[in-house]
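Please look over the model shown here. The report that follows covers its aromatic residues, its nonpolar cores and one hairpin.

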Amino acid sequence: MKQFTFKYHNNKGALYVLSSFFIIPLAVILGSFALVEYSSWALWLFIPLGVGAIVYCMFRYIKISKDTDTITIDSEGFSSKNYGRIQYDDIESMPSYGGLGQPFPSTKIKLKNGKKLVWNFNPQNQKSKSDIETFIAFRNELLRNLEDKAEQCSKNEEKQSENLFAKLVQQLKSSKKQKYKYITLSLSVVVALLMVARTCGEDFIQNKRKREAKELTNMALKMEIDYESNRARAQKIATDYSRKFGPVSLFTNDPKAKIEFIPEIESDPYTPKINIFGLRREEDNKNLEKYIKNPDRVAYHMTVVNSSIDFFSVMSKGIFTSNNSDDIPIYLTVYNPNESLPVSKFRAVEDTVFRPIHVNTSIKLPIKGSLTEDVLKNMNYASIRSILSLYKGTFFYLAAKDLDGIPIERFEKLKEIITADFEKHGISTENFQTQRFNVQ
C-alpha cells in the first residue's frame with residue numbers, strides 16, 4: 001500500500017476560462033458595434049467593463065481550479081481524498097485527451113457508473129514539478145497493478161474474452177506517448193484586438209454604409225440610363241412600325257401640331273407608382289424591353305402632339321359614335337390651354353382646379369356616295385363647333401387615315417364642307433391648313 005499527495009487542476013473553472021477568452025470579448029465587440037451608431041465612445045465604456053470581467057473570471061478560475069489530493073493505492077484499487085474509494089473493477093476506461101487536450105501526465109478516468117475522475121497538470125509550470133513527479137509515480141504504480149490484474153484475468157479462461165484490464169493498460173500507456181499542441185491567447189492580445197476593433201470598427205461601419213449607398217445610387221442611376229436607352233430604341237421602333245398604318249391627313253389651325261402613332265405600353269394599373277429616383281423605372285424598363293422584342297403585339301394609338309405647348313392627345317371615337325361597316329370614323333379634337341369649360345354640377349363648388357378645354361370625339365363619314373352637309377348634323381360635331389365659336393384661341397384638329405378608306409380627295413371634300421360651316425357660324429378659318437404625315 002502506497003500513498004501519494006500532490007496538487008493539481010480540476011475542471012471546475014472551465015466556464016470561467018471560456019468566458020475570459022470567448023464570451024466576454026465577443027460581448028464587448030458586439031455590444032460596442034450595436035451602440036456605435038448612437039455613441040462613438042461606446043467601446044471605450046465596454047473595454048474597462050470587459051477587462052474587469054476577464055480579471056474576475058481569471059481570479060475565480062485560479063481560486064477554484066487548484067486542488068490537493070491524497071491517494072492511497074493497493075492491489076484492489078485506490079482511495080482518493082477527493083473522489084473516494086475506487087475499485088479497479090469499477091473503471092470503464094481511461095480515454096486520452098486528444099490532439100488539443102491536456103499534456104501528459106494529465107489523466108482522466110471514466111467509471112462504469114458514469115462518474116469521471118480528472119487530474120490536470122501544466123508541465124511548463126516549474127512550481128508543479130514535484131507534484132507532477134508524485135502523480136507520475138502514482139500512474140506508474142497504477143499501471144503495475146492493472147498489468148497484474150490483466151495477467152490474472154488472462155489466466156482465467158472464463159474471463160479471457162472480457163479482459164478489460166488489458167484495455168486499460170493499453171490506454172494508460174498510449175496516453176504517455178501522445179504529443180500535444182497548445183493554443184493560448186493572452187489578456188494583452190485580447191485587449192489589443194479590442195483596440196483594433198474600436199479603431200477600425202466605426203470606420204468600417206461607416207465605409208460599409210457609404211458603399212451600400214453608392215451601390216444603391218449606381219443601381220438607380222443605371223435604371224434611369226437603361227430607361228432612356230430603352231425609350232429611345234422603342235421610339236425608333238414605333239416610328240418605323242407606324243409606317244404600316246399609311247399616310248394620315250390633318251386639318252388644323254395649329255401649325256406646330258403633328259400626328260404620331262404611339263404604342264400602348266402600360267404598367268400594371270394595380271401596382272402603386274414608385275416615385276423614388278431610379279426604382280420607378282424598373283417596371284417601365286420591363287415593359288419597354290417586352291415591346292422592343294415584340295413591337296407587333298401591342299395596340300397603337302393615333303395621337304396629335306404639340307411639344308411646344310406640352311399637348312398630347314389620343315384621337316378616339318366619340319361617345320355618340322356607333323360601329324357601322326358602311327361608315328368610317330373621322331377624328332376631331334379641340335384644345336384650349338387658356339380656357340376652361342363651365343363647372344359641371346358633378347364637381348364640388350370648392351373645386352377650383354383649372355382644367356383646360358380638351359375634348360376628343362369623332363363623326364361618321366360614309367364610305368361611298370357624295371358628301372353633303374348632312375355628315376355634320378350630329379351631337380359630336382355640334383359640340384366641337386360650339387367650343388370653337390365660344391372660346392377664342394381654341395386649336396382644332398381633324399384627322400383621317402388613308403388606310404381606313406379615306407383618300408386625300410375625299411378628305412379635301414370634307415374639309416371644304418367643314419370650312420364653309422365654320423364661316424357660316426362666324427369661325428375664322430384664316431389660319432387653317434392641311435398637313436400630311438407618315439408619308440413614305
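Which residues form one aromatic cluster? Phe4, Phe6, Tyr8, Phe78, Tyr83, Trp119, Phe121, Phe135 and Phe138 do. The model is predicted.

## Overall make-up

The chain has 440 residues, and 37% of them count as buried. Its secondary structure consists of 8 helices and 15 strands.

Take the contacts between residues at least 6 apart in sequence: 70% of them join residues at least 24 apart. The exposed surface of the chain comes to about 27000 Å². Carbon and sulfur atoms supply 55% of that surface.

## Aromatic pairs

The count of aromatic pairs is 23. One of them is formed by Phe251 and Phe432. Their ring centres are 5.2 Å apart, with 40 degrees between the planes. Planes under 30 degrees apart would count as stacked and those over 60 as edge-to-face, so this pair is tilted.

Phe251 lies in strand S8 (residues 248–252), whereas Phe432 lies in the loop between helix H8 (408–424) and strand S15 (433–437), so the pair ties together parts that are 181 residues apart in sequence. Both Phe251 and Phe432 are buried.

## Nonpolar cores

In soluble globular proteins, nonpolar side chains tend to be buried together. Here the largest nonpolar core has 29 residues. Phe78, Ile109, Trp119, Leu142 and Leu146 touch the most other members. Two of these names, Phe78 and Trp119, also appear in the aromatic cluster.

Which elements each supply at least two residues of this core? They are strands S1 (2–9), S2 (66–73), S6 (107–111) and S7 (116–119), along with helices H3 (129–155) and H4 (164–177). H3 gives the most, with 8 residues. Apart from this core lies another, of 27 residues. Its members include Leu332, Ile384, Phe396 and Ile417.

## Ile109 and the S6–S7 hairpin

What is Ile109 in contact with, leaving aside its neighbours within four places in sequence? The partners are Phe78, Ile91, Ser93, Met94, Lys115, Lys116, Leu117, Trp119 and Leu142. Among them, Phe78, Trp119 and Leu142 are also listed with Ile109 as core residues that touch the most other members.

Strands S6 and S7 run antiparallel and are joined by 4 bridges. Lys110 stands opposite Lys116 in S7. The hairpin of S6 and S7 has 4 residues between the strands. There, Gly114 takes a positive phi near 90 degrees.

Conventions. Residues are numbered from 1 along each chain as its sequence is written. This is a predicted model: local features need pLDDT of at least 70, side-chain atom pairs count only at pLDDT 80 or more; totals for chains, interfaces and linings use all residues. Side-chain values use heavy atoms; hydrogens and water are left out. Rings of Phe, Tyr and Trp (its six-membered ring) pair if their centres lie within 6.5 Å; planes under 30 degrees apart count as stacked, over 60 as edge-to-face and the rest as tilted. Buried means under 20% relative accessible area, exposed over 50%, partly exposed in between (1.4 Å probe, protein chains only). Contact means heavy atoms within 4.5 Å. Accessible areas come from the Shrake-Rupley method with a 1.4 Å probe; for residues, only the protein chains shown count as cover. A nonpolar core is a set of buried Ala, Val, Leu, Ile, Met, Phe, Trp, Tyr and Cys residues joined through side-chain atoms within 4.5 Å. Two strands pair if DSSP finds at least two bridges between them.
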